[in-house]
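Biologist: I should like to discuss the strand pairing and the nonpolar packing of this model. Please take me through the reasoning step by step.

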Amino acid sequence: MRCISPLAKRAAAHKLRALFPAMYRTKTCNDLRKDHIGQTVTLCGWVNSRRDHGGVIFIDLRDRDGLTQVVFRPEEHPQVSEASHALRSEDVIQIVGQVCARLEGSGNAKLATGDIEVIASKLRVLNKAEVPPFPLDDPKVNEDLRLEYRYLDLRTAPMLRNLRMRHRIVKTTRDYLDERGFLEIETPVLSNPTPEGARDFLVPSRLNPGTFYALPQAPQQYKQLLQVAGLEKYFQIARCFRDEDLRADRQPEFTQIDVEASFIDDVEIQTLIEGLLVRIFREAKGVEIPAPFPRMTYADAMNRYGSDKPDTRFGLELVDVADVFRDSQFKVFRTILDGGGVLKAINAKGAAAHLSKEQLKKWEEWVKTEFGAKGLAYIKWSVGGEWESPIVKFFSDAEKAALAERMGFVEGDVLFFGADKLEPACEVLGRVRLRCADLLGLVDDTKLNFLWVVDFPLLAFSPEEQKHVAVHHPFTRPNADDVALLEAGEYRKVRAVAYDVVLNGVELGGGSIRIHERALQAKIFEVLGVGPEEQEVKFGHLLKAFSFGAPPHGGIALGLDRLVMLIAGASSIREVIAFPKNNRGVDLMTHSPVEVDFKQLREVYIQSTAKKG
RNA sequence: GGAGCCUUAGCUCAAUUGGUUAGAGCGCUGCCCUGUCACGGCAGAGGUUGCGGGUUCGAGUCCCGUAGGCUCCGCCA
């Protein structure tokens, strides 16, 4: 290597300085229009593409704002043009040049800057680039490759657009809540494990051997304690952590728009959130969504749509046909009905042409293996054909007539039945409903169907644990009208003051009015099987706080990632997170999580029991 | 914990019923080209068909195992 003296280096640097203006750039690649013709500008960016004609060379220069065509003309700037032959995709360059009108008829209507071009008089290569491992503008490239080189993937227009949109949504949220007197307050990331709900991520404490923090699943207790603290209106763009298996719309760390307020009822919170969503959709997507949103009770949602987050963009509702078969000779239906179960059906209009007998068999297999259903009864009525079904032979003529009448069953349709206890019957049929809608193309992508699902049950019985568990969380307020039921031990009939906001069949968020009285909270813990001692150990601080004048309060949390995903029209939550993890919780770029050496573990008093493959 | 689908050149894919030397487009390299914008032309390089084993005269193709990716069920308030 040649040794260059520091003096010579400085001289060279000065020379470069003299060659280029002090600023890296005077314009971005989306700034220049006809008005700028004649100006001398400096641009920086990446070589998006080059078109080398041997003589004249065109470069599309890209920065995060857009593309500008740069022209290297040998007859005007021979040295610079010569150097430009070496430019390759993704090289980072700086050019100085004059803004010129494009030659007659050579404008590019696809580019915002397509009326002009910059004739380069100076070129500085700021950094050469290796050949990219995949074409940046190809949407078909495998996602794992994009995730490994996420910093390249994020250079593409769709990803930039998503991140901008996410920023806009967060900014709008802060503005909106600030205007209404909400204070953004940070809560600890190192906090306590929670006995209820999802698995915690644990963090060992070096200073307190053998003890652990947990990363928060949500800032639930802190947001309530801030109400006891008299802050009255709190919000936070809060990172949350749950160590559970992942899905296309679930990451181990995700972000919630977390809101809590005092002296507020459920309708007020819903109205606040409707206003927020209206504003977000206006500013991020440019659409006006109507508010207030429709309300639907949990019972209605289950009975009509087989889901607690119904997609109401299409009908295909569940219909109760129990009375038709009340006295049926068909034992399967009869046994379930006599045992207090329900019998429901949906009519997939026109589905007969789409579903062969083999496919119907596969659907039955699907509900059995995926959802543990006992079966999926169906009747297919092909155009010009008979009722095809393994079960119609058990139906009387009167039952058949009544069924067809009730369901509007005509040639070309397929009926599906759900027969079981209420919730499993509805849920399975709800899944079949979604699949039918997909099959029949019933989903209108342009619709934005918001709704509130309200009156959730407070408690559900867990067969695994053989006890009652909180449907929402243990701090949820029971409906005042149902307190007598609570006292009487009719736990499953007690409704909660809890609400979910749903968009197109996706749960955007949920919240509740909380319990603020120590005695009522203790009563709920008792029902949940949390004894006085356990209450004291795990929730003592909260119960103590409630004894010092806790105001009535409630709140909600919205899943920011899902919201951005829906607004951006992305199919996966990973498309709206800068550096997401894959479905095994691995960051393919950094390879996180990684093994740590023995010494690092010893410092925090941890010994791994993992068996090495 | 379970189910399904996928893995062939840098990328996206093809390869008939198991049959010759595994192909194409894009990208890349070199040369040519002065108005392109998916520039064009000519030439070239590039392969352990994820990995391991088996069946077979013969395996990208069939079987078993395994790794990785995606989707879903359970799980996730």
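Modeller: Before we begin, two strands are taken to pair if DSSP finds at least two bridges between them. Please note that the model is predicted.

Biologist: Which residue in strand 16 is the bridge partner of Tyr378?

Modeller: Strand 14 (residues 377-381) is joined to strand 16 by four bridges, and the two run antiparallel. Within this pairing, the bridge partner of Tyr378 is Phe416.

Biologist: Which residue of strand 16 stands opposite Ala345?

Modeller: Strand 13 (residues 342-348) also runs antiparallel to strand 16, with seven bridges joining them. In strand 16, the residue opposite Ala345 is Phe417.

Biologist: Why is strand 16 described as largely enclosed by the rest of the structure?

Modeller: Buried here means under 20% relative accessible area. Strand 16 spans residues 414-420, and it is largely enclosed because the number of its seven residues that are buried is six.

Biologist: Which helix gives the most to the largest nonpolar core?

Modeller: That core has 56 residues, of which Phe416, Val432 and Cys436 touch the most other members. With seven residues, the helix that gives the most to this core is helix 12 (residues 422-440).

Biologist: Leaving aside neighbours within four places in sequence, which residues are in contact with Cys436?

Modeller: Cys436 is one of the residues that touch the most other members of the largest nonpolar core. Leaving aside those sequence neighbours, the contacts of Cys436 are Leu316, Ile346, Ala348, Trp363 and Phe416.

Key
Residues numbered from 1 in each chain as written. Chains lettered and ligands numbered in written order. Predicted model: local features only at pLDDT ≥ 70, side-chain atom pairs only at ≥ 80, totals over all residues. Heavy atoms only, no water. Buried < 20%, exposed > 50% of the residue type's maximum accessible area, 1.4 Å probe, protein only. Core = buried A, V, L, I, M, F, W, Y, C linked by side-chain atoms within 4.5 Å. Contact = heavy atoms within 4.5 Å.
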